[in-house]
Amino acid sequence: MTKSTFAKTKAQIKSYQYYIFWGACTVAVMAGQIFVGAGYQSMSNSVNDLTEIIEIKIELEELRRGRGTGPYIPMSDS
């Protein structure tokens with residue numbers, strides 16, 4: 001094995017390790033982004049559900065107080 005062949009082989013090994021390292025870093029960053037995105041979507045769904053529950057409770061209170069103007073509530077004659 002000549003010196004130039006040895007140097008080429010050494011450079012190829014370094015290049016291979018370089019691509020493995022940056023490939024692993026890329027996969028790790030992408031996995032983190034997917035994890036954070038899934039958590040954000042879950043949180044968003046929870047907030048939407050909570051908002052709907054509060055909205056329903058407010059509407060029920062308005063119906064109980066007689067201020068509801070829905071299609072099935074008779075309007076008062078006053």
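# Briefing: surface patches and side-chain pairs on a helical chain

Tyr18 is partly exposed, with a relative accessible area of 49%. The model is predicted. Tyr18 sits in helix H1, and the secondary structure of the chain comes to one helix and zero strands. Tyr18 also takes part in a nonpolar surface patch and in an aromatic pair.

**Chain overview**

- The chain has 78 residues, of which 1% count as buried.
- Its accessible surface comes to about 7500 Å².
- Carbon and sulfur atoms account for 64% of that surface.
- Helix H1 covers residues 3-64.

**Nonpolar patch**

- Tyr18, Tyr19, Phe21 and Trp22 make a nonpolar patch of about 520 Å² on the surface.
- Tyr19 is exposed, at a relative accessible area of 57%.
- Phe21 is partly exposed, with a value of 46% for its relative accessible area.
- Trp22 is partly exposed, with a relative accessible area of 46%.
- These values allow patch membership because the residues of a patch must have over 30% relative accessible area.

**Aromatic pairs**

- A pair of aromatic rings is described by the distance of the centres and the angle of the planes.
- The count of aromatic pairs comes to two.
- One of them joins Tyr18 and Tyr19, with 5.3 Å from centre to centre and 80° between the planes, an edge-to-face arrangement.
- Phe21 and Trp22 have ring centres 4.9 Å apart and planes at 75°, so this pair is edge-to-face as well.
- Both angles lead to that label because planes over 60 degrees apart count as edge-to-face.

**Negative patch**

- Asp49, Glu52, Glu55, Glu59 and Glu62 gather on the surface in a patch of negative charge.
- Asp49 lies in helix H1.
- Asp49 is partly exposed, and its relative accessible area is 45%.
- Asp49 therefore passes the cut-off for a patch, which is over 30% relative accessible area.

**Salt bridge**

- Side chains of opposite charge can pair when their charged atoms come close.
- The count of salt bridges comes to one.
- Arg64 and Glu61 form a salt bridge through their side chains, at 3.4 Å from N to O.
- That distance meets the rule because a salt bridge needs the nitrogen within 4 Å of a carboxyl oxygen.
- Arg64 and Glu61 are three residues apart in helix H1, so about one helical turn separates them.
- Arg64 is exposed, with a relative accessible area of 64%.
- Glu61 is partly exposed, at a relative accessible area of 35%.
- Glu61 is not eligible for a patch despite that value, because patches are made of residues with no salt bridge, and Glu61 is in a salt bridge with Arg64.

Definitions and conventions: Residues numbered from 1 in each chain as written. Predicted model: local features only at pLDDT ≥ 70, side-chain atom pairs only at ≥ 80, totals over all residues. Heavy atoms only, no water. Patch = residues over 30% accessible without salt bridge, like charges linked within 9 Å, V, L, I, M, F, W, Y side chains within 5 Å. Areas by Shrake-Rupley, 256 points an atom, 1.4 Å probe, with all protein chains shown as cover. Lys, Arg positive; Asp, Glu negative; His and termini not counted. Charge placed at Lys NZ, Arg CZ, Asp CG, Glu CD. Helix = DSSP H or I, 4+ residues; strand = E, 2+ residues; numbered from the N terminus. Buried < 20%, exposed > 50% of the residue type's maximum accessible area, 1.4 Å probe, protein only. Phe/Tyr/Trp six-rings, centres within 6.5 Å; stacked < 30°, edge-to-face > 60°.
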